[in-house]
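Here is a friendly walk through the structure shown below. Keep the viewer open as you read, and follow the named residues as they come up.

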Amino acid sequence: MEQLLQQIINGISLGSIYALIALGYTMVYGIIKLINFAHSDVYMLGAFIGYFSMTTLKLGFLPSLLLSMLFSMILGVVIEKVAYKPLRNATRIAVLITAIGVSLFLEYVTMAIAGANVRSYPPLTGILTESFNLMGITITMQQILIVTITVVLMILLQFIVKKTRIGKAMRAVSLDSDAAELMGINVNSTISFTFALGSALAGAAGILVGIYYNSINPLMGTLPGIKAFVAAVFGGIGIIPGAMIGGYFIGIVEVLVSGYGNSMYRDGVVFAILILVLIIKPSGLLGKNTREKV
Amino acid sequence: MKKLIETNWIRKLISLILTFGIIQLLISLDIINSYLQTTLATICINIILAVSLNLITGFTGQFSLGHAGFMSIGAYTCALITLRVPSVLGFIIGVFAGAIMAAIVGFLVGLPTLRLRGDYLAIATLGMAEIIRIIFLNLDSITNGAAGLQDIPHFTNWPWLFVFTAGTILIISNFIKSSHGRACISIREDEIAADAMGINSTKYKVMAFTIGAFFAGIAGALYASTFNFIDPKIFSFSKSIDILVIVVLGGLGSISGSVIAAILLAIITTYLQSFANVQMIIYSLLLIIIMIFRPQGLMGSKELSLSMFSKIGEGFKPKKRRV
């Protein structure tokens, strides 16, 4: 029982990170129907910016977090403006290939600048290094930090999407971009804002992964990126609470499979569950089954 | 009418023999040296992969991100057979056994997942390919796990590669011209309309998927025999992406486009080899630039009427709908 709870706690920490990345995927997908492959590399760069701000600039954890979120935000908007905007009216698969191109570009430019080797993240200091026991379960301050930051960011995101003008615009564009434009919403700036929000969350996820796993490298984004996308699909792509549920679910399943089964089959189980969910409920857990009309 | 078909066939035959002969001559004159022969093999394998994925994604409109999974099944089956029966007969059996295994898996996977649409299908096929890869990774006793299979006997040479590549192109282009192929295209254009016209869309989607998997299996078998070494890492997600890039770059729904893109990309990669550190940066930039300036791919959905690949399928209407 204790072991199970311990595993679930570990799973929640990992799931928080997946959820943060998945939110970016799901928002971008919701608004322009694009699987933004470059998103996982924004996350990777977020981790790198955090690394440099903590080592070279010697900033603390929170300023580094904000810096990497800001940088990711700018990067996300630049990617959208340079690579995706010219393709607004092209087929979706063309945009997808462009996204793959951007992803490769970011990975290999980072590799050329920072080197391909694995870097270890600077250790946290002070109270953040501690851990405590609760009825036989070890909870580290890192885990509390990760979950707290994730929850705060998610509440903030929900607030922006549900209560602000720009959030309303985002929802309107994702529902029907033509109609939204007719109602006087600036579709382009709304899309940019969506990219900014999603990328900022990915940047935060990057720095959190850095302190959780202690190592970063230019190709670190690929697998978590795919899994986060799986999480988004699992919850029903385009639906923000779906991405959160999917992220936590996948994090917990992964940790449980490694803990009780064979860690080699970890990813396999995740994908198998995904396929099963899709076969039973083709539009994801929270997705609505839309009837196709002529 | 009959005469027209005959001249067409003769033209096709002559162009095939010419392509084969010229390259065979260049090989025997050592202009295509052993290094370039590896590139040639890569081109042929990529053509088979791209043409077969084009059948699924370009012609039938089903977005698959798991082609490397089928490829790996062919590769492992052929490798395991030729390691035990290291003869030409073993190689032929291996290639076809690999293809059939891949087709069976394609059929079994396709049946439940092809009722998904668009990106959900893409992600399901991605997951399927990853599961296949993880199974190979963990079947230590058979596949030697992460270390992979070494010393796979080498049987591929230009005649074999040519037979399989030309065979794939001919069979798939003929399939597309048949009524089955027309049915597949109609599903791409509008699935609801196709259904309404009495086309059993599930049947044709699974058919295209199975045929695509069959040829991906052949490509995998040739890969194993050419490079003498396979491990699960080779058939990861990025391999599926590489194949998709060739298809989209060449143009969805254009077989000659896939062929051209496969050749072009191989040439670019070979040329960029000398700039190892910036190779991938230039490659990715090229990808972005080509897509921004030519989002429909090099050939769109038209076919090129080169002398070596006589016109296959007259101008499918350029499609405006999304995949």
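## A buried serine and its surroundings

With 31 other C-beta atoms within 10 Å, A:Ser199 is buried, since 20 or more are enough to count as such. Do keep in mind that this is a predicted model. A:Ser199 sits in helix α8 (residues 187–213) of chain A. What does A:Ser199 touch, once its neighbours within four places in sequence are left aside? Its contacts are A:Gly24, A:Val42, A:Ser72, A:Met73, A:Leu75 and A:Gly76. As for A:Gly24, it is 175 residues away from A:Ser199 in sequence, yet their C-alpha atoms are 6.3 Å apart in space.

How confident is the predictor in chain A? The average pLDDT of chain A is 88, and 98% of its residues score at least 70. Within this chain, helix α3 (residues 61–84) has the highest confidence, at 94, while strand β2 (residues 131–134) has the lowest, at a mean of 79.

Now let us turn to chain B. Its secondary structure amounts to 13 helices and zero strands, so to speak an α element at each step from the N terminus on. For its 323 residues, a compact globule would have a radius of gyration near 20 Å, and the 19 Å of chain B agrees with that. Along the principal axes, the C-alpha atoms of chain B fill a box of roughly 50 × 45 × 45 Å. Of the 323 residues, 48% count as buried. Taking the contacts in chain B between residues at least 6 apart in sequence, 80% join residues at least 24 apart.

Helix α10 (residues 201–227) of chain B is worth a closer look. Why does its length fit expectation? At 1.5 Å a residue, the 27 residues of α10(B) should span 39 Å, and the end C-alpha atoms are indeed 39 Å apart, so the two values agree. This helix is mostly covered, as 23 of its 27 residues are buried. After α10(B) comes B:Asn228, which has a positive phi near 60°.

Positive phi values also turn up in the loop between α6 (140–143) and α7 (158–177) of chain B, where B:Asn144 is placed. B:Asp151 belongs to the loop between α6 and α7 as well. Neither B:Asn144 nor B:Asp151 is a glycine. B:Asn144 is partly exposed because 16 other C-beta atoms lie within 10 Å. B:Asp151 has 10 C-beta neighbours inside 10 Å and therefore counts as exposed. The table sets out the two loop residues.

| Residue | Phi | C-beta atoms within 10 Å | Exposure |
|---|---|---|---|
| B:Asn144 | near 65° | 16 other C-beta atoms | partly exposed |
| B:Asp151 | near 50° | 10 C-beta neighbours | exposed |

Finally, where do the chains meet? The contact takes 37 residues from chain A and 35 residues from chain B. On the chain B side, the elements that give two or more residues are α4 (88–113), α5 (118–138), α11 (237–250) and α13 (279–293). Of these, α5(B) gives the most, with 11 residues. Sorted by class, the side of chain B that touches chain A has 26 nonpolar, five polar and four charged residues.

Technical notes: Residues are numbered from 1 along each chain as its sequence is written. Chains are lettered from A and ligands numbered from 1 in the order in which they are written. This is a predicted model: local features need pLDDT of at least 70, side-chain atom pairs count only at pLDDT 80 or more; totals for chains, interfaces and linings use all residues. Helices (H or I, at least four residues) and strands (E, at least two) are DSSP runs, numbered from the N terminus. The expected span of a helix is 1.5 Å times one less than its number of residues. A residue is buried if 20 or more other C-beta atoms lie within 10 Å of its own, exposed if 12 or fewer, and partly exposed in between; C-beta atoms are placed from the backbone. pLDDT is the predictor's confidence in each residue, from 0 to 100. Two residues are in contact if their C-beta atoms, placed from the backbone, lie within 7 Å. Ala, Val, Leu, Ile, Met, Phe, Trp, Tyr, Cys and Pro count as nonpolar, Asp, Glu, Lys and Arg as charged, and the others, Gly among them, as polar. The radius of gyration is taken over C-alpha atoms; the globule rule is 2.2 Å times the number of residues to the power 0.38.
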